[in-house]
Amino acid sequence: MTKKRGGVIVLILTAVLIIGAFAFVAYRAPKTAEEATEITEKDELMSKSIAANYPATPREVMKLYNRYILCLYGVESSELTDGEVRALGEKMREMYDEELLEGNPTESHLMNLSQELAVFRNDEKVMIQANVCDSNEIEYIDVNGASGALVETSYFIKQGSKEFSRTYQQFLLRKDESGNWKILGFEKVNGGET
């Protein structure tokens, strides 16, 4: 009986190994091209339809805008091609007020962006983080009869291997005829000050 019991155990172990190997191979089947493709932040931002899903609040506009800023000035910015920089810059322009667009023609704006990025990289700077003030810190104002909002943002920048700095900017947004908050202008400010 002991031989019979030993034979049954060997048979069961062999069956378990064969089933386990089959399951392993079946579940490790190569992924389809669609499954294997990972969408990066850059790809998502470049393909984003801003007009179709325009952010509803000044804070949300600035959060989206800062995603573009981080993509352009962040850790992986050195890998961007000129075409990608241009595409990201054009997407950012969709969040600009008509008055800001008129004062910054597309070609000169995108050329300035490329030059600014080159200087940023040459100075070994990398933007690590971008923050937008809380909703209750946004100041709503009148801008020539239209609704306006002042939104403070901060940018955490690393230069070289050890130097860190934080820059604060205040953005002025204005509601357009469609009810969308658009960036009218911005200026550098001292942190936490209006």
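These are legends for three close-up views of the predicted model. Because this is a prediction, local features need pLDDT of at least 70 and side-chain atom pairs count only at pLDDT 80 or more, while totals for chains, interfaces and linings use all residues. Residues are numbered from 1 along each chain as its sequence is written, and side-chain values use heavy atoms, with hydrogens and water left out.

**View 1. A helix with a buried face, α7 (residues 106-122).** Helices here are DSSP runs of H or I with at least four residues, numbered from the N terminus. The 17 residues of α7 should span 24 Å at 1.5 Å a residue (times one less than the number of residues), and the end C-alpha atoms agree, sitting 24 Å apart. His 109, Leu 110, Leu 113, Leu 117 and Phe 120 are its buried residues. Down the axis they fall within an arc of 95 degrees (taken from the directions from the axis to the C-beta atoms), so they line one face of α7. Glu 107 and Asn 122 are exposed on the other side. Buried means under 20% relative accessible area, exposed over 50%, and partly exposed in between (1.4 Å probe, protein chains only).

**View 2. Two cysteines, Cys 71 and Cys 133.** Cys 71 counts as buried because its relative accessible area is 12%, and Cys 133 does so at 10%. The structure holds zero disulfides (pairs of cysteine sulfur atoms within 2.5 Å).

**View 3. Val 75 in its loop.** Look between α4 (58-73) and α5 (82-93) and you'll find Val 75 in the loop. Val 75 is exposed, because its relative accessible area is 63%.

Key: Helix = DSSP H or I, 4+ residues; strand = E, 2+ residues; numbered from the N terminus.
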